[in-house]
Amino acid sequence: MSPLLTVENLRVSFPTRTGEVNAVRGVSFTLGRERLGIVGESGSGKSQTGRAIMGLTPGHAKITADRLNFDGVDLLSASKRQRRDMRGKRMAMILQDPKYSLNPVMPIGKQIIETLRTHESVSGRQARDRALAMLEAVQIRDPERVFDLYPHEVSGGMGQRIMIAMMLVCGPELLIADEPTSALDVTVQLEVLGILDKLVAERGMGLIFVSHDLRLVSSFCDRVLVMYAGRVVEELPSANLAAAQHPYTRGLLNCLPTIGSHRHPLPVLERQAEWTQ
Ligand SMILES: Nc1ncnc2c1ncn2[C@@H]1O[C@H](COP(=O)(O)OP(=O)(O)OP(=O)(O)O)[C@@H](O)[C@H]1O
Ligand SMILES: [Mg+2]
């Protein structure tokens, strides 16, 4: 079976006053209906990789790839209109800061309905029912009440779950979740991960889970890509994380705190210039 998503030699660069910034420098991977984690330090190109797949790269940036294929559709030659139609319906991305993705002056329920009606012709009644069902699916306990609230009237954790509801209401086959839980406390974080996990299993969705938390990613995903300076430096099944070869991954693993061990001084990751070659 051909994969849901194929990315080959993806490059994203930004022209700036001081020269070109190469945010993504030749990323390749495939994704099936599975959970793939992307880890890497800040600035390693995780978000820009996700955005390029979604067609959400800022206009002035330059994208090239040998192949960018989603379920048989060549994303590189797709028109703006085709990409827009696909976004939200067949592929969705939970952006790093969901608060900025919700419209502050529109009630939550109405926003979910708008997303749904952009892609499907459903009656007002059906749309409302589906929006409420989706809020329930992300474990909002009183969906009827939350439906009429504005984004500033809900907590951060609820906001994040509402974003997930909005992204999933059309039933996408691919979901890119960019640090969907990093602003949350641990209990809410686990709750949100549980929701994503259930949705992947029930709907057979492909999930790309972006985070800089190696431990979280390896416990939640089937496979992990480790990015460094715009490149994938290592690809591993989560179960084999301990067998990581690249010095950056090894360094990350070495820096994870373990309960019961006393380490002085704390290990520090020393970056080597040759990792960026
Ligand atoms: N609009 C832009 N103009 C210029 N450079 C940019 C722009 N957006 C991103 N970059 C650069 O691209 C690189 C990769 O950014 P990206 O947002 O993908 O990192 P990231 O891995 O998601 O980091 P974080 O963990 O902090 O979210 C960074 O060096 C960043 O400075
Ligand atoms: Mg990011």
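**Exercise 1. Describe how strands E10 and E11 are joined in this predicted model, and say what lies between them.**

Solution. Begin with the pairing itself: E10 and E11 run antiparallel, and 6 bridges join them. Next, pick out a pair of residues along this ladder, where Val226 stands opposite Glu234 in E11. Then follow the chain from one strand to the other: the two strands form a hairpin with 2 residues between them, and Ala229, which sits in the turn, has a positive phi of about 50 degrees.

**Exercise 2. Find the partner of strand E10 that pairs with it in the parallel sense, and name a pair of bridge partners.**

Solution. Strand E3, which covers residues 35-40, pairs with strand E10, residues 223-228, in the parallel sense over 5 bridges. Within this pairing, Gly40 has Met227 in E10 as its bridge partner. In general, the strands of a sheet pair through backbone hydrogen bonds, in either a parallel or an antiparallel way.

**Exercise 3. Place these strands in their sheet, and identify its edges and the helices that pack on it.**

Solution. First write down the order of the strands, which is E7-E8-E9-E3-E10-E11, an open sheet of 6 strands with mixed pairing. The edges are strand E7 (91-94) and strand E11 (231-237), each of which pairs on one side only. Neighbouring strands of the sheet are turned against each other by 15 degrees on average, with direction ignored. Now add the helices: H1 packs on the sheet and touches E3, E7, strand E8 (174-178), strand E9 (206-211) and E10, and the direction of H1 makes about 150 degrees with that of E7. Helix H7 (residues 156-168) also packs on the sheet, touching E7 and E8, and the direction of H7 makes about 170 degrees with that of E7.

**Exercise 4. Work out what surrounds ligand 1, and which polar atoms of the protein approach its oxygen atoms.**

Solution. Start with the shell, whose residues include Phe14, Ala23, Gln96 and Glu179; by type, the shell divides into 2 nonpolar, 7 polar and 3 charged residues. Helix H1 (residues 46-54) contributes the largest share of this shell, namely 3 residues. Then turn to the distances: a side-chain N or O atom of Ser42 is 2.5 Å from an oxygen atom of ligand 1, a side-chain N or O atom of Lys46 is 2.7 Å from an oxygen atom of the ligand, and for Gly43 a backbone N or O atom lies 2.8 Å from an oxygen atom of the ligand. Finally, consider the surface: taken alone, ligand 1 exposes 640 Å², and the protein buries 69% of that.

How values were computed. Residues are numbered from 1 along each chain as its sequence is written. Chains are lettered from A and ligands numbered from 1 in the order in which they are written. This is a predicted model: local features need pLDDT of at least 70, side-chain atom pairs count only at pLDDT 80 or more; totals for chains, interfaces and linings use all residues. Side-chain values use heavy atoms; hydrogens and water are left out. A residue is near a molecule or strand if one of its heavy atoms lies within 4 Å of it. A polar contact is a pair of N or O atoms within 3.5 Å; within protein, one must be able to donate a hydrogen and the other to accept it, and residues adjacent in sequence count only if both atoms are side-chain atoms. Accessible areas come from the Shrake-Rupley method with a 1.4 Å probe; for residues, only the protein chains shown count as cover. Helices (H or I, at least four residues) and strands (E, at least two) are DSSP runs, numbered from the N terminus. Ala, Val, Leu, Ile, Met, Phe, Trp, Tyr, Cys and Pro count as nonpolar, Asp, Glu, Lys and Arg as charged, and the others, Gly among them, as polar. Two strands pair if DSSP finds at least two bridges between them. Axes are lines fitted to C-alpha atoms, for helices over the stretch in contact, and angles run from 0 to 180 degrees between N-to-C directions. Contact means heavy atoms within 4.5 Å.
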